[in-house]
Amino acid sequence: MVTEVFTRKYCDQHAVRDEKVEATEVIQFAWEGQVREIDACDECKKEHETRFEPLVDYSRPVKKRRAAKKAEPAKTPSAEAADASADGASDEESAEA
Ligand SMILES: [Zn+2]
């Protein structure tokens, strides 16, 4: 037996209004630093674009933030050298006999 399974995506924005419209596009946007996705039909994708296009004009791309440690190659070596003399690593005491 040969079977084929089709997955159909519906426009999320239309689904809110209880309408089933096939989604042909994916809208990606970021909110509070989190990238999110919406399945969208052609119409909603265009609506989204006209809504956000003006914002793009006066916004700037965001560079991905890294964990603070690797953030920058040390450009100021003198600042790091001052910190090296403080040795607080031997704070651990063995409680076992
Ligand atoms: Zn739609």
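Let me start with the terms: two strands pair if DSSP finds at least two bridges between them, and strands (E, at least two residues) and helices (H or I, at least four residues) are DSSP runs, numbered from the N terminus. What we have here is a predicted model, in which local features need pLDDT of at least 70, side-chain atom pairs count only at pLDDT 80 or more, and totals for chains, interfaces and linings use all residues. Residues are numbered from 1 along each chain as its sequence is written.

I will take the hairpin to begin with, where strand 1 (residues 25-31) runs antiparallel to strand 2 (residues 34-40) and is joined to it by seven bridges. Within this pairing, Ile27 stands opposite Ile38, while Gln28 has Glu37 as its bridge partner. Two residues lie between the strands, and in this hairpin Glu32 takes a positive phi near 50°. Strand 1 is hardly covered, since none of its seven residues is buried, where buried asks for 20 or more other C-beta atoms within 10 Å of a residue's own, exposed for 12 or fewer, and partly exposed is in between, with C-beta atoms placed from the backbone.

Turning to helix 2 (residues 42-57), we find Glu43 there, and it is partly exposed because 14 other C-beta atoms lie within 10 Å. Glu43 and Glu25 are 18 residues apart in sequence, and their C-alpha atoms are 9.6 Å apart in space.
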